[in-house]
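Visitor: I've got the model open on my screen, and I'd like to go through it with you. Could you take my questions one by one?

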Amino acid sequence: MRTDEPLVLGIETSCDETGVGIVRGTTLLADAVASSVGEHERYGGVVPEVASRAHLEAMVPTMHRALKDAGVTMADIDAIAVTSGPGLAGALLVGVAAAKGYAMALDKPVYGVNHLAAHVCVDQLEHGRLPEPCMALLVSGGHSSLLMVPDVTSDVRPLGSTIDDAAGEAFDKVARVLGLGFPGGPAIDRQARDGQPDAIAFPRGLTGPRDAAYDFSFSGLKTAVARWVEGRRREGRPIPVADVAASFQEAVADVLTRKAIRACRENGVEHLLLGGGVAANSRLRAMAAERCRDAGITLRVPRPGLCTDNGAMVAALGAEMVWRDRAPSTLDIPADSSMPVTVTQA
């Protein structure tokens, strides 16, 4: 294991955010992000081809911005890390191709890393190196996962995941039903502040005694919200948007935190990490803090800007790979859209 702290550049292009981050050890020097979310609003979701083109256009200016913010040059970089998967295939290819090009031109090692493991590792930039093991609850538009993490660079063990709609996907679909636009997470969070979380008794999926203890299902909840709203509209009654948003959000946060606390208790883990884009949700953060405190579990949550997709999280995992003397990837690293979380490095 190295004693000096490596300077690592990270590239993230798994969905609609072009991210370039620069990290020295566990210190964040730059986190430049260019989002194409505005280009997807008219479609109500991310369009893969639009995202890929946006990454092509944003890569070089975002790279220059990150280097300027960090006050370094490409010659100073010790290694380059890039999200190899999972994600949108075309979007991933842009980042992987860029990383390979920079690595070849500069004769630097390249690390193709797992997007989910990077979401776990980004917390090191705020709270220091992760305890081993820790439990990670990752919640975003594409995944809802409970992970046991003995070593974020080589040993990530899935305990549970979503069996249908991920939590973030459910937020987007419910926001569409309520006419709140895309992306749905921030809009529902804002509306919920003026609503009552117990106004409507929406269902909690997979919480029965015979259900999978650590898996998640939000499809039924999403459908229940849509039917409730449709029923009100058929009756000609107004839709209490704030109450619907608050009650839906409460149901999601309840299930996520309940299962995460259970996983910690049953596996003897004393630290819970919350990550992914939905981890920016104010109610989820508050409920996780309250339940962890009651259970005697230490909660680690990055600031909201580090929960969404960014290059800093990729650089953080790359720096940890270098610090632990993990071998770099070869220059034929693939863009693997279905990369399993158990594979931390391509």
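Visitor: Which order do the strands of the open sheet have?
Guide: Bear in mind that this is a predicted model. The open sheet has five strands, and their pairing is mixed. Reading across, the order is β8-β7-β6-β9-β10.

Visitor: Which strands stand at the edges of that sheet?
Guide: Look for strands with a single partner strand, because one side of each is then left without a neighbour in the sheet. Residues 155-161 make up one such strand and residues 298-300 the other. These are β8 and β10.

Visitor: In which sense do β6 and β7 pair, and over how many bridges?
Guide: One of the partnerships to look at joins Met135 to Met148. The sense of the β6 and β7 pairing is antiparallel, and the number of bridges is six.

Visitor: What angle does the direction of α9 make with that of β6?
Guide: Within the sheet, neighbouring strands are turned by 25° against each other on average, ignoring direction. Helix α9 packs on this sheet and touches β6, β7, β8 and β9. Its direction and that of β6 make an angle of about 160°.

Visitor: How far apart, centre to centre, are the rings of Phe171 and Phe248?
Guide: This is one of two aromatic pairs in the count. The planes of Phe171 and Phe248 are 75° apart, which makes the pair edge-to-face. Phe171 belongs to helix α6 and Phe248 to helix α9, 77 residues apart, and both are buried. Centre to centre, the rings are 5.0 Å apart.

Visitor: Is the pair of Phe216 and Phe218 stacked or edge-to-face?
Guide: Both residues are buried. Their ring centres are 6.3 Å apart and the planes are at 10°, under the 30 degrees that counts as stacked. So the pair of Phe216 and Phe218 is stacked.

Visitor: Which residue has its charged end over the ring of Trp323?
Guide: There's a lysine case to set beside it: Lys259 lies over the face of Phe216, at 6.0 Å from the ring centre. Over Trp323, the charged end sits 3.5 Å from the ring centre, and it belongs to Arg129.

Visitor: How many residues apart in sequence are Asp151 and Arg324?
Guide: The two form a salt bridge, with the closest N and O atoms 3.5 Å apart, and both residues are buried. Asp151 lies in strand β7 and Arg324 in the segment after α12, so the bridge ties together parts of the chain that are far along from each other in numbering: 173 residues apart.

Visitor: Is Arg326 buried or partly exposed?
Guide: Arg326 forms a salt bridge with Asp151, and their closest N and O atoms are 2.6 Å apart. Asp151 has a relative accessible area of 10% and is buried. For Arg326 the relative accessible area is 27%, and the cut-off for buried is under 20%, so Arg326 is partly exposed.

Visitor: What is the relative accessible area of Lys173, the salt-bridge partner of Asp165?
Guide: The closest N and O atoms of Asp165 and Lys173 are 3.5 Å apart. Asp165 is buried, with a relative accessible area of 8%. Lys173 is partly exposed, and its value is 25%.

Visitor: Which elements cover the buried residues of α6?
Guide: The buried residues of α6 include Ala167, Gly168, Phe171 and Val174. Among the elements that cover the buried residues are β6, β7, α7, α8 and α9.

Terms used:
Residues numbered from 1 in each chain as written. Predicted model: local features only at pLDDT ≥ 70, side-chain atom pairs only at ≥ 80, totals over all residues. Heavy atoms only, no water. Phe/Tyr/Trp six-rings, centres within 6.5 Å; stacked < 30°, edge-to-face > 60°. Helix = DSSP H or I, 4+ residues; strand = E, 2+ residues; numbered from the N terminus. Buried < 20%, exposed > 50% of the residue type's maximum accessible area, 1.4 Å probe, protein only. Lys NZ or Arg CZ within 6 Å of the ring centre and 35° of its normal. Salt bridge = Lys/Arg side-chain N within 4 Å of Asp/Glu carboxyl O. Contact = heavy atoms within 4.5 Å. Pairing = 2+ DSSP bridges. Axes fitted to C-alpha atoms, helices over the stretch in contact; angles between N-to-C directions.
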